[in-house]
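Biologist: Before I rely on any of the terms used for this fold, I would like to hear how each of them is justified. Could you take me through them one by one?

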Amino acid sequence: MSTFTVDYDQVAAEYARHRQVHPGVLRGLCEAARDVKSRVLEVGCGTGNYVVTLESLVGPACWGLDPSEEMLSRARARSGTIDFQAGHAERLDYPSGFFDLVFSVDVIHHIGDRPSYIHEAHRVLAAGGRMCTVTDSEWIIRHRQPLATCFPQTVPAELNRYPRIAVLRRMMTEAGFSQITESTVEYAYELTDIQAYRDKAYSALHVIPEDAFQRGLARMEHDLRAGPIPCVSRYTLLWGAKQGSEGERL
Ligand SMILES: C[S@@+](CC[C@H](N)C(=O)[O-])C[C@H]1O[C@@H](n2cnc3c(N)ncnc32)[C@H](O)[C@@H]1O
């Protein structure tokens with residue numbers, strides 16, 4: 001397991017400035033949140049990108065959990081109705097059988113004790129409720145564009161930091177989840193402004209030495225002079241369901 005950590009209290013401003021929702025991820029979560037009667041928890045909600053958008057598009061009752069007060073203060077400024085709490089994934093301070101959907105985006109690699117989180121997610125879900133872990137598979141990490149090409153040292157460092165999908169699937173089975181499925185979403189775009197990379201708004205840029213980071217930036221600046229940089233953002237959505245009738249709260 002990686003011992004690397006990012007201090008999200010330190011990077012909250014850059015994160016809020018640069019990071020946006022992935023349309024494919026949002027679509028999957030909106031479908032799963034279903035309707036206004038659902039109860040949804042985002043674990044590691046950060047500045048609230050996903051849970052705030054989900055609330056405004058679908059209208060379920062929403063909760064957000066994150067250990068970083070700086071990230072949470074930005075999330076709270078975006079929604080007065082979502083219940084944002086400070087805390088860690090490994091210990092969910094909510095009643096058993098309470099939620100219809102528990103999800104995390106880009107968080108599972110930060111969680112030290114993943115089996116505890118997955119057990120907790122199973123506990124707080126109602127029968128028929130679903131868990132979704134949005135993360136990067138090994139293939140995605142090896143093919144990230146522009147990270148893997150401009151900053152190749154991110155690849156081994158990130159493979160060390162991210163759990164494999166097969167390992168997460170096994171943990172979900174052990175926690176009692178069924179109907180475990182995965183899908184990958186992608187979004188292609190052209191990069192014309194590399195400020196997010198200069199600001200290290202991606203935690204992968206914190207795991208490489210400074211000289212490797214500077215070489216990558218120089219390469220991006222060189223590529224940009226020839227025109228916009230083609231990029232693809234991909235995520236794997238890993239789903240599981242808690243057995244029981246749909247909508248049945250314990
Ligand atoms: C890459 S950010 C993702 C934020 C948000 N999900 C998004 O996609 O915009 C990772 C977040 O995970 C949070 N985090 C780190 N360790 C955590 C833990 N053990 N439990 C819950 N959240 C954690 C960080 O504070 C940070 O806000």
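Modeller: A convenient place to begin is a single bridge, the one in which Leu41 has Val102 of strand E4 as its partner; please keep in mind throughout that this is a predicted model.

Biologist: What makes E1 and E4 a pair of strands, and in which sense do they run?

Modeller: Two strands count as paired if at least two bridges are found between them, and strand E1 (residues 39–43) is joined to strand E4 (residues 99–105) by three bridges, so the criterion of at least two is met. The sense of this pairing is parallel.

Biologist: How do you know that E7 pairs with E5 and with E6?

Modeller: The same cut-off of at least two bridges applies. Strand E5 (residues 125–135) and strand E7 (residues 229–242) share six bridges, and strand E6 (residues 177–191) and E7 share 13, so both are pairs by that rule. E5 runs antiparallel to E7, as E6 does to E7. Among the individual bridges, Thr135 has Thr236 of E7 as its partner, while Thr181 is matched with Trp239 of E7.

Biologist: Why is the pairing in the sheet called mixed, and what makes a strand an edge strand?

Modeller: Strands of a sheet can pair either parallel or antiparallel. Here E1 and E4 pair in the parallel sense, whereas E5 and E7 are antiparallel, and the open sheet of seven strands, in the order E3-E2-E1-E4-E5-E7-E6, is accordingly described as having mixed pairing. Strand E3 (83–86) and E6 are at the edges because each has a single partner strand, which leaves one side of each without a neighbour in the sheet. On average, and ignoring direction, neighbouring strands of this sheet are turned by 20° against each other. Helix H9 (residues 165–175) packs on the sheet, where it touches E5, E6 and E7, and the direction of H9 makes about 145° with that of E6.

Biologist: Why is H5 called oblique to H9?

Modeller: The axes of helix H5 (residues 114–124) and H9 cross at roughly 45° and come within 9 Å. Angles under 35 degrees would count as roughly parallel and 65 to 115 as roughly perpendicular, so a crossing of roughly 45° makes H5 oblique to H9. The crossing is right-handed. The contact is made by Arg114, Pro115, Ile118, His119 and His122 of H5 together with Met171, Met172 and Ala175 of H9, and by class these are five nonpolar, two polar and one charged.

Biologist: What makes H2 oblique to H3?

Modeller: Helix H2 (residues 23–33) packs against helix H3 (residues 49–58) at an angle of about 55°, with the axes 10 Å apart. Since roughly perpendicular begins at 65 degrees and roughly parallel requires an angle under 35, the value of about 55° makes H2 oblique to H3. The crossing of H2 and H3 is right-handed. H2 contributes Leu26, Leu29, Cys30 and Ala33 to the contact, and H3 contributes Tyr50, Thr53, Leu54, Leu57 and Val58; of these residues eight are nonpolar, one is polar and none is charged.

Biologist: How do you know that the peptide bond between Gln145 and Pro146 is cis, and where is Pro146 found?

Modeller: Omega is about 20° for the bond that joins Gln145 and Pro146, and this peptide bond is assigned as cis. Pro146 is in the loop between helix H6 (138–142) and helix H7 (147–150).

Biologist: What is notable about phi of Arg34?

Modeller: Phi of Arg34 is near 65°, which is a positive value in a residue other than glycine. Arg34 belongs to the loop between H2 and E1.

Biologist: Which residues are the closest to the ligand, and how does the shell divide by class?

Modeller: The ligand is surrounded by 20 residues, of which the closest are Tyr8, Gly44, Gly46, Ala89 and His110. By class, the shell comprises 10 nonpolar, seven polar and three charged residues.

Terms used: Residues are numbered from 1 along each chain as its sequence is written. This is a predicted model: local features need pLDDT of at least 70, side-chain atom pairs count only at pLDDT 80 or more; totals for chains, interfaces and linings use all residues. Helices (H or I, at least four residues) and strands (E, at least two) are DSSP runs, numbered from the N terminus. A residue is near a molecule or strand if its C-beta atom, placed from the backbone, lies within 6 Å of it. Ala, Val, Leu, Ile, Met, Phe, Trp, Tyr, Cys and Pro count as nonpolar, Asp, Glu, Lys and Arg as charged, and the others, Gly among them, as polar. Axes are lines fitted to C-alpha atoms, for helices over the stretch in contact, and angles run from 0 to 180 degrees between N-to-C directions. Two residues are in contact if their C-beta atoms, placed from the backbone, lie within 7 Å. Angles under 35 degrees count as roughly parallel, over 145 as roughly antiparallel, 65 to 115 as roughly perpendicular and the rest as oblique. A crossing is left-handed if the near helix is turned anticlockwise from the far one by less than a right angle, and right-handed if clockwise.
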